[in-house]
Structure formats: C-alpha cells, structure tokens
Amino acid sequence: MMPEETKNTNSRRFAKEILKGLVIANPVFVLVLGLCPTLAVTVSIDNALGMSAGVIFVLLGSNLIISMIRKITPQLARIPVYIVVIATFVTILSLVFEAYLPPLHESLGIYLPLIVVNCIILGRAEAFASKNTILLSIADAIGIGVGFALSMIIVSFFREILGTGKLTVFGKTLFSIPVLSSDPLAFFIMPPGAFLVLGLLLALFRWLGVLNNE
Amino acid sequence: MNENRQIHDKKIKKSSSCSEKIFGNRFYPLIFLTIIVFVSVSLVMVVNNMTRVKILAEKDAAIISQLKAIFTDTDDYEPKKDYYIAYRDKQVIGFAFVAKGKGYGGEINIFVGLNTDFTIEQIKILSNTETPGLGTKITEDSFTGQFKGLSFKDVSLSKDGGKIDAITGATISSKAVTDAVRKELEEKIEVIKSDMK
C-alpha cells in the first residue's frame with residue numbers, strides 16, 4: 001500500500017516539475033534568464049533548435065551530476081564545482097558539434113562556449129539540483145530545457161519570418177511570403193530587432209495573463 | 001562583528017559534529033575540487049581524442065570545397081605544409097592558403113587563391129566575428145572582388161597607397177583583411193618559390 005502511494009506522488013511531482021518549466025517558470029518569459037543566447041542566436045529556427053539541444057544536453061548533464069554529488073559537495077567550494085561540471089559538458093558538446101555538425105558549430109560561434117556562464121544552468125544547479133533528488137533534478141532539467149527551447153523557437157520564428165520573409169527548417173523552405181521575401185525587413189535579423197521581438201513577446205505573455213498564477 | 005563571529009563558530013562546530021571527519025577537514029573543499037577537475041579533464045581528453053580526427057577531416061573538407069570554388073576547373077590538389085597546390089591535367093594552375101587577421105571583433109580567416117604568376121585569383125572570408133551589418137560586409141563580393149588580379153605590393157588600403165577601398169564604417173575590419181592578406185602573401189610567395197626550385 002505504502003510504496004505504491006509514494007510512487008504515485010513521486011510521479012506526480014516528476015510531472016509537476018516538468019510542467020513548471022514550460023509555463024509557470026518558463027526560463028525566458030517568466031524568469032527572464034538566459035537572455036544572451038535568446039537575443040543573439042535566434043536569427044533562424046535552425047540556430048534556435050541547435051542552441052536549445054545544446055542547452056538541454058548541458059542542463060540534463062549538470063543537473064544529474066550536481067544532484068548526485070550534492071551530499072558530498074563542500075558548501076565553500078560549490079560554485080567552482082558547479083562551473084567545472086557545467087564547463088565539462090559544454091566542452092564535450094562543443095567538440096561533438098564541431099566534429100559532426102560543423103555548419104551549426106560555425107553559426108552558433110561564441111554562444112556555444114558561453115553556455116558555461118548561462119545563468120539558467122548555474123541557476124538550476126544552485127536553486128534546484130543541489131537540494132533535490134536525482135529524479136526530480138532530471139524532471140526540472142527537462143522542464144526548464146524544453147521551456148527554453150520553446151521560447152527560443154517562438155522568438156526565432158518571428159525574427160526569421162520578418163527578417164527574411166521565409167521559414168527554413170533544416171535547409172528546407174517551409175513557406176515564403178511573396179512580398180516580404182523579396183524585400184525583407186532585415187532589421188529583425190539584426191540585434192536591435194531581437195530586443196524588439198523579445199520585448200513585445202514578454203509584453204504579450206503578461207497581457208495574456210498566462211503568468212498570473214506564478 | 002562579535003555576533004557574526006559567534007554565528008560563524010557555531011556553524012563550524014555544528015558541521016564538524018554532525019558530519020564525518022573528512023567533511024569537516026579544512027582541506028576537504030580543496031581535495032574535492034581537485035578530484036572534480038581531474039575527472040573533468042580526463043573526460044574532456046577522452047572526447048577530444050574521439051573527435052580530433054573527425055574535426056581535422058571536416059576542416060580539410062571545408063578548405064577543399066573552397067579550393068574548388070576558386071579554381072573551378074581544377075581536377076587535383078596537393079596539400080603542402082601550409083598551403084595547397086591546385087592542378088589541372090597535372091599542370092600547376094594555382095596555389096591557395098589561409099591568412100589570419102585580427103579584426104574588430106576577433107579573428108578573421110581568409111582563404112586566398114593565387115595564380116601561377118603570384119597575382120591574386122580570388123579571396124574568400126572563411127569566418128569572422130565582425131559587427132553584423134558593418135564589419136561583416138568584408139564577406140561581400142564588392143569588397144573581396146577588389147583583390148582580384150592584384151600583386152602583393154598593391155594589397156593595402158587606398159589611403160595607404162594601395163588599391164583596396166575600405167568599407168565605410170568598417171575601416172578596422174577592411175584593414176585587418178588587407179594587411180593579413182598582404183603579410184601572408186609576401187611570406188607564402190617566398191615559401192612557394194623556394195619549394196618550386
């Protein structure tokens with residue numbers, strides 16, 4: 001009787017942690033964290049997907065390891081320990097991208113190694129993984145990671161369509177808007193366009209009241 | 001001050017009493033971090049070993065596709081120590097090498113194709129981290145096209161007495177490319193000449 005009950009609540013908490021990252025604690029639109037890559041690499045859906053895959057991988061790895069060693073990590077040296085763990089995953093990711101996806105590695109450029117100092121990842125390590133069980137930390141990583149990916153896709157969707165007039169995913173053009181594609185609003189591909197799109201999206205999400213129950 | 005001190009002492013006492021001896025040791029954080037770094041470095045070394053060959057092959061493939069883009073009628077190439085020779089029907093039709101310049105936002109890699117008379121056939125910007133919309137104009141044909149047919153004496157900005165017009169608003173990027181190409185060209189001509197003897 002008893003173990004079944006705990007298992008039930010465990011799986012419910014697991015699902016809750018995943019859902020939390022998607023909406024209630026969406027890293028970009030609610031926590032407003034990790035804006036550097038959100039602004040910089042969202043020029044195309046491809047870039048957004050590549051970056052999100054990278055962040056999810058690093059977040060899963062670091063949350064897992066940091067949760068595993070949480071009981072033996074000395075309080076004094078915890079931040080250096082977290083940074084070393086995160087940097088290890090980022091370096092591995094960077095090497096793998098360079099070997100197997102060189103065009104993506106090229107277009108993500110400096111923002112790939114900069115995942116090390118992404119505040120989403122260190123934030124989850126410090127605020128969640130260092131205090132929770134391995135299973136919940138994985139759920140947290142999935143939730144926050146997918147939440148980040150969704151935000152990246154939404155921002156890059158608007159920037160790519162407005163800035164180039166078409167939508168290209170993995171080299172395949174899904175659709176193009178007749179007038180816009182011949183004379184695109186290149187402003188949206190540039191950094192100021194990123195601020196404008198993100199700002200408007202933040203305002204929209206507030207207005208929709210999706211975030212009222214935070 | 002005094003109060004803080006007491007709280008501090010209390011904390012230390014508490015942690016040493018409730019955890020094992022090792023965790024209370026003052027060198028424990030140091031040792032723990034050392035172990036973490038050791039594991040991390042070993043892991044990265046393993047992955048580096050696994051991916052190194054593939055990364056070098058990818059870089060080589062990128063260079064070769066550039067070579068084919070510049071010398072469209074080439075049918076064979078030979079990688080030398082730090083440059084490439086392009087052949088057609090076993091005849092040398094040109095050379096190519098990579099020049100590295102220090103731009104406004106970081107390193108600029110430039111691929112330079114040379115004719116057999118050591119004039120420039122074409123240059124291509126392989127990678128750059130210049131300011132989008134300004135410095136990135138160095139990749140456009142209106143800038144790189146100016147290099148075609150020049151010998152190394154003429155490769156400098158027009159205000160320095162050369163034949164390259166700098167991009168408005170991106171003088172540093174333009175100068176970085178021009179200077180890198182000239183410097184590398186001068187060196188490579190010597191190397192190629194001594195190799196051909």
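This report describes a five-strand sheet in chain B, the helices that lie across it, and one residue of chain A.

The model is predicted: local features need pLDDT of at least 70, side-chain atom pairs count only at pLDDT 80 or more, and totals for chains, interfaces and linings use all residues. Residues are numbered from 1 along each chain as its sequence is written, chains are lettered from A and ligands numbered from 1 in the order written, and side-chain values use heavy atoms, without hydrogens and water.

**The sheet of chain B**

Chain B holds an open sheet of five strands. Their order is β1-β2-β3-β4-β5, and the pairing is antiparallel. Strands (E, at least two residues) and helices (H or I, at least four) are DSSP runs, numbered from the N terminus. Two strands pair if DSSP finds at least two bridges between them. In chain B, β1 (76–79) and β5 (120–127) stand at the edges. Each has a single partner strand, so one side of each lacks a neighbour in the sheet. From one strand to the next, the twist averages 25°. Axes are lines fitted to C-alpha atoms, for helices over the stretch in contact, and angles run from 0 to 180 degrees between N-to-C directions.

**Strand β2 and its partners**

β1(B) and β2(B) pair antiparallel over four bridges. They form a hairpin with four residues between them. Strand β2 (residues 84–88) of chain B is also joined to strand β3 (residues 91–102) of chain B, by five bridges. Here, too, the strands run antiparallel. The β2(B)–β3(B) hairpin has two residues between the strands, and B:Asp89 takes a positive phi near 50°.

Some opposite residues are listed here.

| Residue | Opposite residue |
|---|---|
| B:Pro79 | B:Tyr84 in β2(B) |
| B:Ala86 | B:Gly94 in β3(B) |
| B:Arg88 | B:Gln91 in β3(B) |

Four of the five residues of β2(B) are buried, so the rest of the structure largely encloses this strand. Buried means under 20% relative accessible area, exposed over 50%, and partly exposed in between (1.4 Å probe, protein chains only).

**Helices across the sheet**

Helix α3 (residues 28–70) of chain B lies across β1, β2, β3, β4 (107–114) and β5 of chain B. This helix runs at about 145° to β5(B). Helix α5 (residues 171–196) of chain B lies across β3, β4 and β5 of chain B, at about 140° to β3(B). Contact means heavy atoms within 4.5 Å.

**A residue of chain A**

A:Leu135 is in helix α7 (residues 134–164) of chain A. Its relative accessibility is 52%, so A:Leu135 counts as exposed. A:Leu135 and A:Arg13 are 122 residues apart along the chain, and their C-alpha atoms are separated by 9.8 Å.
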